[in-house]
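Please take a moment to look over the sequence and the structure before reading on. The paragraphs below are meant to be read with both in view.

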Amino acid sequence: MTAVTAWGNLAPAEHSIVALRDRDSAPGLVASAERPGLATGLMRSYGDEPLNTGGVAWDMRGLSRLIAFDSETGDLTCEAGVTIADIQRTFAPRGWMMPVTPGTKHVTVGGAIANDVHGKNHHVAGSLGNHVVALTLARTDGTVTTLDGPSDPMFRATVGGMGLTGVILQATIRMHRVAGPWMSAEDVVFGDLDEFFSVSAESRDTYDYSVAWVDITTHGGGRGIFTRGNNAVEQPPAPPPGRVVTMPFTPPLSLVNSLSLRVFNRGYFALKRSLAREALVHYDPFFYPLDGIGRWDRMYGPRGFHQYQCVVPSAGAREPVSEMLKQIRVSGLGSFLGVLKVMGDEPPIGTMSFPREGVTFALDFPERGDATAALFVRLDAIVSEAGGRLYAAKDARMPKEMFEAGYPGLDEFVAYRDPGISSEMSRRLMGE
Amino acid sequence: MAGVLVPRRAVVIGATSGMAEAVMRLWVSGGTGRLHLVGRSRERLEAVAGDLAARSDAVEVTIHACDLTDPAAISAAVGEVSALDPDVVLIAHGAMYEQADMQEDLALADQQLRVTGVSPVLWAEACVDALDRGVVAVIGSVAGDRGRRKNYLYGSSKGMVERAVEGMQHRVHGSRQRVVLIKPGPTATPMTAALDPGGLADVDEVARSIAVGIAKGAPVLYVPGQWRAIMAVIRSMPRPVFNRLDL
Ligand SMILES: Cc1cc2nc3c(=O)[nH]c(=O)nc-3n(C[C@H](O)[C@H](O)[C@H](O)COP(=O)(O)OP(=O)(O)OC[C@H]3O[C@@H](n4cnc5c(N)ncnc54)[C@H](O)[C@@H]3O)c2cc1C
Ligand SMILES: NC(=O)c1ccc[n+]([C@@H]2O[C@H](COP(=O)([O-])OP(=O)(O)OC[C@H]3O[C@@H](n4cnc5c(N)ncnc54)[C@H](OP(=O)(O)O)[C@@H]3O)[C@@H](O)[C@H]2O)c1
């Protein structure tokens, strides 16, 4: 048994780890597990979704090979443990990038599909599942099946299926044609939520990528920075970005107290404001600003942290977002990050996908026991009232009722689960 | 790969090894045009070759599957190697069995010594013989620097590799050939999947150092570099002190 933690570092969990290494032997290992198993990628999910305490973890990282690339269609077939970092690094110089990428490149293709991840281009591209052409799924009954697109209900259950329908062995993704690794981007300062919504609306048709950072520590809140960009047409010859500085160990105390937060948020605001003009940026800092600080999760200290991410329908979204900002300010529990984005209308193909039409809001909170829990109860009420839902990839605590209400596909989904697969999260939210 | 010389043509023995794969990916991203992969399993070699070929429009990859421990198979395979006139031959295969299991089972101990000691030495010997220029690089280990109770059978196979490479370095002195010994510390690959990940070096960083070391032709390469100093201390400890330590 080996102890592993998810990205939020909330609690280490003991697993018997089985490393899957190659496509030929993997199905046999999946079928021969004696206890319920769960595929794990790079453990970038925050809460209990990638954990299976006391059970088997099929470590997918060794399945890291590309299988084929078609430079006509852009179809990339690869093993599920290939990382988005590897794909971007290998293909951006050749004129192709991931059609959708989350805010960290340190995720596996399998993990990204299992959460049907969304990115800064959701308003034009939808989520990753909209670009998956085919999947190969190994189940604990020993079967290996190729699922050809969303007409297959097992495909729809697997995209966003939190690893619960089987182990994705390989996938074919239709890549996005680009001129090269550089982006053309700019930052726009907004003073309050109304301005955020108007900048968002005005950027929607002219910018393929957008996201906003909200300063949640100052009074009269809602100010922030709106970042928008496109794949650059002109590509300069230039060196790749600098080295990563890693937090080598977990500090004994959380470095995120309200003082450091205020300083960080103000400093970031001042810095970003000075950059508010269109510029060429390498894709790495544009898509993955946090990856530049290495294991920043450790900054929150030994008790770990939560991310709270919701999506609420856009009709009337201003109210719930503003109410959430207010509740966070009142609680004094501050958050390092407040990320806001208006999503697109393209419906996800996954039965259990998180992304939907609306506004998504993500916030980090250090774990502070009852105080944190009490704030989450207030935030839950706002999200539920607005008809929204929470993102499983970030969650360690949402109430079962809220999960059921937020995910109407749940009843259909359970029929496609693999009975030999279970996670901490599935036991908490689905009873098994 | 920015700033590092990559071979135009290279041969890798034990090409399905996690460490070798990471090195080859760096080479291909830097423009290596020709790779020949040797290993024991055709299926696994095909998967690795497919990966490398998908990474570049400019690389040609071939494979050869054989029993890596069979001297006749080695002699037969080396003809193909020398015909390629490679800039680098990297010999990477090895296994690490549980010391306790080997103490119970001499056949397993024998396999440990043959797969990780005798076989790489025979490959290096055959390649040094067949080639007249370029680098033959063999992956040893810090574990070969001093025997300790937790893994001395694995360690002694690596110690054997070190003595043989030393002799080959003496043999090729003054010629257009180089022989390089690479000594990694614990690194995250399938070989160490069961170990605590906290103590393992990142395989891509290790691969980068290996690629740089091979390009420089340094005779002995510790990766990551701090192992040179650590092992110097461990080697120089007086036996009574060392034997009391729980290493
Ligand atoms: C800094 C940061 C920024 C992020 N930004 C975004 C963002 O912008 N948008 C977004 O959508 N998400 C975002 N995320 C969340 C992240 O994209 C997801 O949690 C992603 O699923 C993590 O992938 P992983 O490889 O680490 O998978 P893990 O966290 O290891 O696993 C996640 C789930 O995938 C399943 N799984 C993994 N591999 C397989 C497989 N081969 N077959 C079947 N199931 C499998 C697991 O069982 C588990 O349920 C962010 C996370 C971080 C840390
Ligand atoms: N990882 C570490 O911490 C570490 C530290 C120091 C030194 N090393 C050395 O680095 C080298 C590469 O190891 P790795 O970490 O990359 O491990 P790995 O991924 O497990 O690779 C081991 C390689 O050896 C081959 N092999 C194993 N048993 C064999 C046998 N009986 N016959 C023929 N081939 C066999 C494997 O072939 P298959 O794919 O066919 O199984 C594979 O190519 C080894 O020499 C190892 O001793 C590793």
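What follows goes through the interface of the chains, then the two ligands, and ends with two details of the backbone.

The model shown here is predicted, and a natural place to begin is where chain A and chain B meet. At that interface, 15 residues of chain A are in contact with 15 residues of chain B, and the two chains bury about 1,300 Å² between them, with 46% of this area on carbon and sulfur atoms. Charged groups take part in the interface as well, where the rule finds five salt bridges between chain A and chain B. In one salt bridge, the side chain of Asp86(A) meets that of Arg55(B), with 2.8 Å from N to O. Counted by residue pairs in polar contact, with both residues at pLDDT 80 or more, the interface of chain A and chain B has eight.

Which elements of chain A give two or more residues to the side that touches chain B? They are β5, residues 66-70, and α2, residues 84-91, and it is β5(A) that provides the largest share, with four residues. Sorted by class, the side of chain A that touches chain B is made up of six nonpolar, two polar and seven charged residues.

Ligand 2 can be considered next, since ligand 2 lies between chains A and B. Around ligand 2 there are 27 residues, of which Thr16(B), Gly18(B), Arg44(B), Tyr154(B) and Thr189(B) come nearest. Several backbone atoms of chain B can be followed here: a polar backbone atom of Gly18(B) is 2.7 Å from an oxygen atom of ligand 2, a polar backbone atom of Met19(B) is 2.9 Å from an oxygen atom of ligand 2, and for Met191(B) the distance from a backbone N or O atom to an oxygen atom of the ligand is 3.5 Å. Taken alone, ligand 2 exposes 890 Å², and the protein buries 93% of that area. The elements that give two or more residues to the shell around ligand 2 are α1 (18-29) and α6 (152-172) of chain B, and by class this shell holds eleven nonpolar, twelve polar and four charged residues.

Turning to ligand 1, one finds 34 residues surrounding it, and the closest are Ala39(A), Arg44(A), Ser45(A), Thr108(A) and Tyr391(A). Side chains of chain A can be traced to oxygen atoms of this ligand: a polar side-chain atom of Ser45(A) lies 2.7 Å from an oxygen atom of ligand 1, a polar side-chain atom of Thr108(A) lies 2.7 Å from an oxygen atom of ligand 1, and an N or O atom in the side chain of Tyr391(A) is 2.7 Å from an oxygen atom of ligand 1. Taken alone, ligand 1 exposes 970 Å², of which the protein buries 96%. To the shell around ligand 1, β3 (37-40), α3 (109-114) and β10 (167-174) of chain A each supply at least two residues, and the residues of that shell divide into 19 nonpolar, twelve polar and three charged.

Two details of the backbone remain. Most residues other than glycine have a negative phi, and most peptide bonds are trans. Met43(A), although it is not a glycine, has a positive phi of about 55°, and Met43(A) lies in the loop between β3 and β4 (56-59) of chain A. In chain B, the peptide bond from Val223(B) to Pro224(B) is cis, with omega near -15°, and Pro224(B) has its place in the loop between β7 (220-223) and α8 (227-236).

Note on methods:
Residues are numbered from 1 along each chain as its sequence is written. Chains are lettered from A and ligands numbered from 1 in the order in which they are written. This is a predicted model: local features need pLDDT of at least 70, side-chain atom pairs count only at pLDDT 80 or more; totals for chains, interfaces and linings use all residues. Side-chain values use heavy atoms; hydrogens and water are left out. Contact means heavy atoms within 4.5 Å. Buried area is the accessible area (1.4 Å probe) that two parts lose on being put together, summed over both. A salt bridge is a side-chain nitrogen of Lys or Arg within 4 Å of a carboxyl oxygen of Asp or Glu. A polar contact is a pair of N or O atoms within 3.5 Å; within protein, one must be able to donate a hydrogen and the other to accept it, and residues adjacent in sequence count only if both atoms are side-chain atoms. Ala, Val, Leu, Ile, Met, Phe, Trp, Tyr, Cys and Pro count as nonpolar, Asp, Glu, Lys and Arg as charged, and the others, Gly among them, as polar. A residue is near a molecule or strand if one of its heavy atoms lies within 4 Å of it. Accessible areas come from the Shrake-Rupley method with a 1.4 Å probe; for residues, only the protein chains shown count as cover.
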